[in-house]
Amino acid sequence: MPEPTALLLFTGVGALTGLLGSLLGIGGGVLLVPLLTLALGVPIRVAVAASLISVIATASASATVNLGRGLVNVRLGLALELATSVGGLAGGVAASLLTARHLFQLFAATLTAMGVLVLLRSGRRNVSADPALDVGRLGGWLHEAGRVYGYRVRRLPAAFAASLAAGAVSGLLGIGGGIIKVPVLNTFCGVPIRVAAGTSTFMIGVTAATSAVIYWARGDVALPLTAAVALGSLPASLLGARLSDRLPAPLLKRLLAALLLAVGARMWIGTL
Amino acid sequence: VTRDPRATPEPSLLDRALEVTLTTGVALSFLLLLAGLVAQQTALLGWGMLVLLATPLFRVVIVTFGMLRRRDWLFFFLSLWVLAVLASSLLVAARLSRSRAAGASADALGRDQPPPKGARLQERERPGPERRA
């Protein structure tokens with residue numbers, strides 16, 4: 001067992017990433033892996049395994065809050081899980097074929113691309129207050145500040161492609177894949193940011209579990225470290241999910257973009 | 001009874017069932033992980049992780065039953081597909097576990113066998129001088 005101070009540090013890191021992850025619907029692995037590897041010197045494969053398990057904790061805890069608020073589109077989540085689960089399995093298996101340097105570069109490129117996408121399209125609004133709107137089989141209704149808004153899911157092939165990529169990236173990099181799904185669902189497919197984040201956290205647990213069992217079987221799960229991180233992320237993610245309701249959607253989008261670009265830049269520097 | 005989602009923000013029965021499943025899994029794993037760290041018991045940590053890993057699986061099982069109850073066949077088969085992928089992932093993990101165990105026992109006996117895939121990868125990632133040593 002590591003020293004109690006080291007375990008407390010890992011718990012603190014888990015709490016910070018769990019809070020931001022559930023606030024933005026991205027799971028938190030996108031911040032946890034860079035923090036564990038670059039700041040705390042944890043080997044990337046151990047960090048990826050710890051992150052996947054922590055992401056399951058964050059996603060499951062915040063999904064309990066989001067389900068109660070009607071922010072999870074279960075049908076859409078289920079349809080997209082077709083792609084993410086296959087991607088997650090493939091990514092988990094393929095992770096052993098890439099070197100640590102390649103994993104870092106892939107991580108940095110993914111973050112930068114998604115950060116730019118969110119920043120460029122953060123001003124768009126996807127919902128309609130028209131009660132006669134036909135939302136289709138995958139669309140839904142969002143109750144916000146006493147009003148009801150409807151949305152349709154557009155460009156479904158883009159959502160499937162993003163989900164497949166999110167699953168693969170999740171298995172390779174230990175992130176839930178929310179950093180790909182939330183921006184694509186929101187900016188391309190017309191899903192409101194809160195529903196995109198809620199549905200993404202709902203799906204992330206399944207995607208992460210698909211690849212986490214492979215890391216476990218490979219012996220990459222360091223039990224005390226992973227347990228400490230997961231313990232920190234569980235209560236913090238519940239808090240983050242409750243806070244997300246109080247922040248305005250444009251602020252959430254800008255916060256997400258800034259975070260993606262900052263961590264992406266730090267990862268690029270790490271690969272030089 | 002079909003609920004009009006425009007009329008009320010109340011969650012459906014399926015949403016409630018999912019909420020209970022996820023809350024139970026999260027609370028149980030939290031308690032096991034906390035007890036494992038405090039008592040320094042690796043077995044408890046292992047059980048905590050296992051419960052955490054199983055929570056999303058149970059969540060998919062609940063969705064599958066929910067869709068069956070609603071007779072929503074398209075989404076019922078979609079959730080069965082997700083369950084099948086999760087099962088394949090468990091099979092891949094079991095095979096990897098067996099090959100790791102076989103590699104470890106071969107090492108213990110000093111047999112001249114090829115290393116498992118994971119071992120080759122770790123070797124490739126090591127810096128040059130250490131590999132030569």
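A cavity here is a set of points, on a 1 Å grid over the protein atoms alone, where a 1.4 Å probe fits but cannot get out. Its volume is the space filled by probe spheres set on the points, with grid points joined across faces, edges and corners.

This is a predicted model, so local features need pLDDT of at least 70 and side-chain atom pairs count only at pLDDT 80 or more, while totals for chains, interfaces and linings use all residues. Residues are numbered from 1 along each chain as its sequence is written, chains are lettered from A and ligands numbered from 1 in the order in which they are written, and side-chain values use heavy atoms, leaving out hydrogens and water.

**Exercise 1. Find the largest cavity and describe its lining.**

Step 1: the structure holds 4 cavities of 30 Å³ or more, and the largest has a volume of about 80 Å³.

Step 2: its lining has 12 residues, and A:Ser22, A:Asn66, A:Arg194, A:Ala197 and A:Ser244 are the closest to the centre. Lining residues have an atom within 4 Å of a point.

Step 3: look at the helices (DSSP runs of H or I, at least four residues, numbered from the N terminus). In chain A, α1 (4-24), α3 (44-68) and α8 (193-217) each supply at least two lining residues, and α8(A) gives the most, with 4 residues.

Step 4: sort by class, where Ala, Val, Leu, Ile, Met, Phe, Trp, Tyr, Cys and Pro count as nonpolar, Asp, Glu, Lys and Arg as charged, and the others, Gly among them, as polar. You get 4 nonpolar, 7 polar and 1 charged.

**Exercise 2. Work out how chain B and chain A meet.**

Step 1: count contacts (heavy atoms within 4.5 Å). Chain B brings 53 residues and chain A brings 55 residues.

Step 2: get the buried area, meaning the accessible area (1.4 Å probe) that two parts lose on being put together, summed over both. That's about 4,800 Å², 77% of it on carbon and sulfur atoms.

Step 3: check for salt bridges (a side-chain nitrogen of Lys or Arg within 4 Å of a carboxyl oxygen of Asp or Glu). There are 2 between chain B and chain A. In one of them, A:Arg75 pairs with B:Asp72, with the closest N and O atoms 2.5 Å apart.

**Exercise 3. Why does the salt bridge of B:Arg59 and A:Glu81 join two chains?**

Step 1: the closest N and O atoms of B:Arg59 and A:Glu81 are 2.4 Å apart.

Step 2: B:Arg59 sits in helix α2 of chain B and A:Glu81 in helix α4 (residues 74-94) of chain A, so the pair links two chains.

Methods
1 Å grid on protein atoms, 1.4 Å probe; cavity = no way out; pocket = protein on both sides within 12 Å on 5 of 7 lines; lining within 4 Å.
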